[in-house]
Amino acid sequence: MREKLLIIHQGALGDIVSIFPAIVRLKEKFCRIDAICKKSIGELASSLKLIDKFYPVEAAFFSSVFSGKADPHTVDIFRSNDEIILFSYSQELESIISGMVNRKIYRIDPRPDVSLEIHILNHVLYRLAENGLVHNAKWPETDYFARLLEQKTATFVHDRSKILIHPGSGSVRKNWELSDFIEVFKKIKSLGMNPEIILGPAEQNLSEIFIRSLPSGGNIHMLSDLGDLVTILSLSGGFIGNDSGISHLAAFTGMPTVVIFGPSSPTRWKPFGRSVEVLRSETDCSPCFETGKSDCKEMKCLEGITPEMVINSFLKIKR
């Protein structure tokens with residue numbers, strides 16, 4: 001096996017969880033993997049034993065790289081690793097790091113070009129395989145993640161009747177109507193299951209709407225810590241949400257997961273997991289979220305999805 005690898009990735013939750021399976025493949029080749037990434041994501045990846053150590057990209061020592069006078073601590077981090085994977089579009093950043101340390105650097109675009117209908121995970125695995133960093137570009141087995149999370153939550157009580165609903169995402173353009181989520185909640189409850197709402201920091205202003213609209217006793221989780229979120233996800237029996245980082249995390253746990261796609265492309269962004277169903281309306285327009293070509297007043301890609309379609313998709317994969 002090769003020795004120490006450093007991964008540098010400044011992306012958001014969905015970008016990095018999408019490539020967790022690629023990190024699993026890298027663990028087959030490297031004895032140790034460290035990462036420079038957002039603090040919350042580093043804590044998550046460390047807790048899941050995907051990486052050995054992380055350094056927060058928000059820290060002043062990393063931003064010093066761009067100043068032309070890097071903090072000695074940053075240089076030490078780079079030098080302590082044998083090889084570096086830089087997920088970045090910036091050739092300048094690659095040149096700066098290369099000028100600081102004599103290490104092999106592999107720069108990979110964080111996402112495939114928007115003109116290509118290729119999954120982000122395929123894109124990354126192909127590039128890693130081209131550079132001999134993984135044995136091949138095949139996706140790893142999904143059971144790896146289920147076993148890992150079962151070990152992490154072995155002392156907790158699992159409630160397979162608990163179905164989590166997340167009505168938000170990183171962009172309001174990707175969000176299905178709240179009224180439709182409320183209808184899904186009520187239908188799941190009528191079927192004898194226990195739906196619960198989860199809200200991240202960006203959606204906590206929606207709590208009053210759900211309190212007024214849900215049947216009495218409707219549980220609402222206000223979450224800010226990704227570790228707590230993983231625990232809740234892995235102890236539940238299913239998940240329904242928009243195209244978001246949290247949906248990627250839910251699918252990662254192996255639970256039955258239904259993801260509602262609108263202007264983004266499921267071909268590029270379908271979450272990786274053991275039991276995932278995606279829904280997107282058949283429209284005469286192509287996914288436009290990443291291209292910025294359209295800001296539709298009528299979101300046909302979302303409006304064509306009904307609560308009945310979501311429930312039927314969920315029941316199809318619910319075990």
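**Exercise 1.** In this predicted model, determine which residue of β10 is the bridge partner of I240, and describe how the strands β9 and β10 are paired and connected.

*Solution.* Step 1: the bridge partner of I240 in β10 is V258. Step 2: β9, residues 236-242, pairs with β10 in the parallel sense, over four bridges. Step 3: between β9 and β10 the chain passes through helix α12 (residues 245-252), and this β-α-β crossover is right-handed. Step 4: helix α12 lies across β6, β7, β9, β10 and β11, and runs at about 150 degrees to β9.

**Exercise 2.** Establish which way the side chains of β10 point, and whether they are buried or exposed.

*Solution.* Step 1: in a regular strand the side chains alternate between the two faces of the sheet. Step 2: in β10 (residues 257-260), T257 and V259 point one way, while V258 and I260 point the other way. Step 3: all of these residues are buried, that is, under 20% relative accessible area.

**Exercise 3.** Identify the bridge partners in β11 of T257 and V259, then place both strands in their sheet.

*Solution.* Step 1: T257 has V276 as its bridge partner in β11, and V259 has V278. Step 2: β10 and β11 (residues 276-279) run parallel and are joined by four bridges. Step 3: the open sheet has six strands in the order β8-β7-β6-β9-β10-β11, with parallel pairing. Step 4: β8 (219-222) and β11 stand at the edges with a single partner strand each, so one side of each has no neighbour in the sheet. Step 5: on average, neighbouring strands of this sheet are turned by 20 degrees against each other, direction ignored.

**Exercise 4.** Find the buried residues of helix α3 and explain how they are arranged around its axis.

*Solution.* Step 1: within α3 (residues 39-47), the buried residues are I41, G42, L44 and A45. Step 2: seen down the axis of α3, these buried residues fall within an arc of 160 degrees, so they line one face of the helix. Step 3: the elements covering them include α1, α2, β2, β3, α11 and α12. Step 4: K49 follows α3, and its phi is positive, near 60 degrees.

**Exercise 5.** Describe the largest nonpolar core and the contacts of L128.

*Solution.* Step 1: the largest nonpolar core has 50 residues, and F20, L26, L44, I85 and L128 have the most contacts inside it. Step 2: leaving aside residues up to four places away in sequence, L128 touches A22, L26, I85, I108, L133 and V134. Step 3: apart from this core lies another, of 26 residues, including W176, I182, L206 and I311.

Technical notes:
Residues are numbered from 1 along each chain as its sequence is written. This is a predicted model: local features need pLDDT of at least 70, side-chain atom pairs count only at pLDDT 80 or more; totals for chains, interfaces and linings use all residues. Side-chain values use heavy atoms; hydrogens and water are left out. Buried means under 20% relative accessible area, exposed over 50%, partly exposed in between (1.4 Å probe, protein chains only). Helices (H or I, at least four residues) and strands (E, at least two) are DSSP runs, numbered from the N terminus. Two strands pair if DSSP finds at least two bridges between them. A crossover is right-handed if, with the strands pointing away from the viewer, the path from the first strand over the helix to the second runs clockwise. A nonpolar core is a set of buried Ala, Val, Leu, Ile, Met, Phe, Trp, Tyr and Cys residues joined through side-chain atoms within 4.5 Å. Contact means heavy atoms within 4.5 Å. The arc is that of the directions from the helix axis to the C-beta atoms. Axes are lines fitted to C-alpha atoms, for helices over the stretch in contact, and angles run from 0 to 180 degrees between N-to-C directions.
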